[in-house]
Amino acid sequence: MHLAPGSDVPARELTPVSGPPIPIPDPGRLVHLQFRRFAGCPICNLHLRSIVARHEEIEAAGIGEVVVFHSSAEELREHVDGLPFPVVGDPARRLYAEFGVEPARRALLHPRVWGTVVRAVARGTWDILRRRERAPRLFPDGGRFGLPADFLIGPDGRVVAAKYGEHAYDQWTVDALLALASQAPASGRKAAR
């Protein structure tokens with residue numbers, strides 16, 4: 001079951017790897033809820049670098065980032081230092097199931113992801129050799145075949161926009177996220193700080 005714009009997201013608090021619980025929805029701003037793969041995933045790391053590089057711009061647009069991995073909090077702690085947004089572990093994939101985010105072999109087998117896989121593994125290997133990153137586990141929690149998904153959730157708990165990835169690197173760019181946020185109904189946006 002996929003969520004579509006206008007779907008209601010029940011209120012809850014998510015427990016991040018570090019920091020206080022995160023309210024979803026957030027009554028004061030939009031939430032970009034990202035579903036990624038496993039802790040240390042080179043493809044996910046490549047994408048998250050683009051989010052980190054433009055994090056101030058995302059926050060200025062009234063968007064709070066929350067990233068979910070199908071890894072345990074213990075496994076994630078080795079990989080989240082320096083990320084300026086909350087990261088949540090969901091090794092049982094309960095939140096994934098609730099939002100209709102499923103694993104699939106096409107995550108890595110889709111031809112459109114192959115170039116990204118090579119680039120991500122090369123960069124990840126270089127960073128591991130320089131001790132800037134840790135290698136992912138050989139057998140990560142939840143496996144390697146997760147698909148990404150993105151949701152923009154308004155303060156009223158309604159989905160403003162949703163994207164279900166067709167392969168492992170099929171997610172919103174920062175520019176796409178900012179454009180979607182600018183088109184959100186006024187009740188779904190917070191004034192820029």
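## A tour from Arg158 to the ring cluster

Start by selecting Arg158, which is partly exposed at 40% relative accessibility (under 20% relative accessible area is buried, over 50% exposed and anything in between partly exposed, using a 1.4 Å probe and protein chains only). Before you click on, note that this is a predicted model, in which local features need pLDDT of at least 70 and side-chain atom pairs count only at pLDDT 80 or more, while totals for chains, interfaces and linings use all residues. Residues are numbered from 1 along each chain as its sequence is written, and side-chain values use heavy atoms, with hydrogens and water left out.

**Stop 1: the Arg158 salt bridge.** Now add Asp8 to the selection. Arg158 and Asp8 form a salt bridge, with 3.3 Å between the closest N and O atoms (the rule is a side-chain nitrogen of Lys or Arg within 4 Å of a carboxyl oxygen of Asp or Glu). Arg158 sits in the loop between strands E6 (149–153) and E7 (159–164), and Asp8 in the segment before strand E1 (12–14), so the pair ties together parts that are 150 residues apart in sequence. Asp8 is exposed, at 52% relative accessible area. The structure holds eight salt bridges, and two others are coming up.

**Zoom out for a moment.** Colour by secondary structure and the protein chain shows seven helices and seven strands; these are DSSP runs numbered from the N terminus, with helices (H or I) of at least four residues and strands (E) of at least two. In sequence order the pattern runs β-β-β-α-α-β-α-β-α-α-α-β-β-α. The chain has 193 residues, and 48% of them count as buried.

**Stop 2: Glu59 and Arg29.** Select this pair and you'll find a salt bridge at 3.5 Å, N to O. Glu59 belongs to helix H2 (residues 55–60) and Arg29 to the loop between strand E2 (22–24) and E3, 30 residues apart. Arg29 is buried at 19% relative accessible area, whereas Glu59 is partly exposed at 26%.

**Stop 3: Asp175 and Arg54.** Here the closest N and O atoms of the salt bridge are 2.8 Å apart. The pair links distant parts of the chain, with Asp175 in helix H7 (residues 174–182) and Arg54 in the loop between H1 and H2, 121 residues apart. Then go back to Stop 2 and add Asp26: salt bridges with shared partners join Asp26, Arg29 and Glu59 into one network.

**Stop 4: helix H1.** Select residues 42–53, the twelve residues of H1. Which of them are buried? Ile43, Cys44, Asn45, Leu46, His47, Leu48 and Ile51.

**Stop 5: the rings.** Five aromatic pairs are present (Phe, Tyr or Trp rings, the six-membered one for Trp, with centres within 6.5 Å; planes under 30 degrees apart are stacked, over 60 edge-to-face, the rest tilted). Show Phe35 and Tyr96: their ring centres are 4.9 Å apart and their planes at 70°, so this pair is edge-to-face. Phe35 is in strand E3 (residues 30–35) and Tyr96 in helix H4 (residues 94–98), 61 residues apart. Phe35 is buried at 0% relative accessibility, and Tyr96 is buried at 1%.

Finally, extend the selection to Phe99, Phe151 and Tyr164, which ring pairs link with Phe35 and Tyr96 into a cluster. Add Arg93 too: its charged end sits over the Tyr96 ring, 5.4 Å from the centre (NZ of Lys or CZ of Arg must be within 6 Å of the ring centre and within 35 degrees of the ring normal).

Methods
The expected span of a helix is 1.5 Å times one less than its number of residues.
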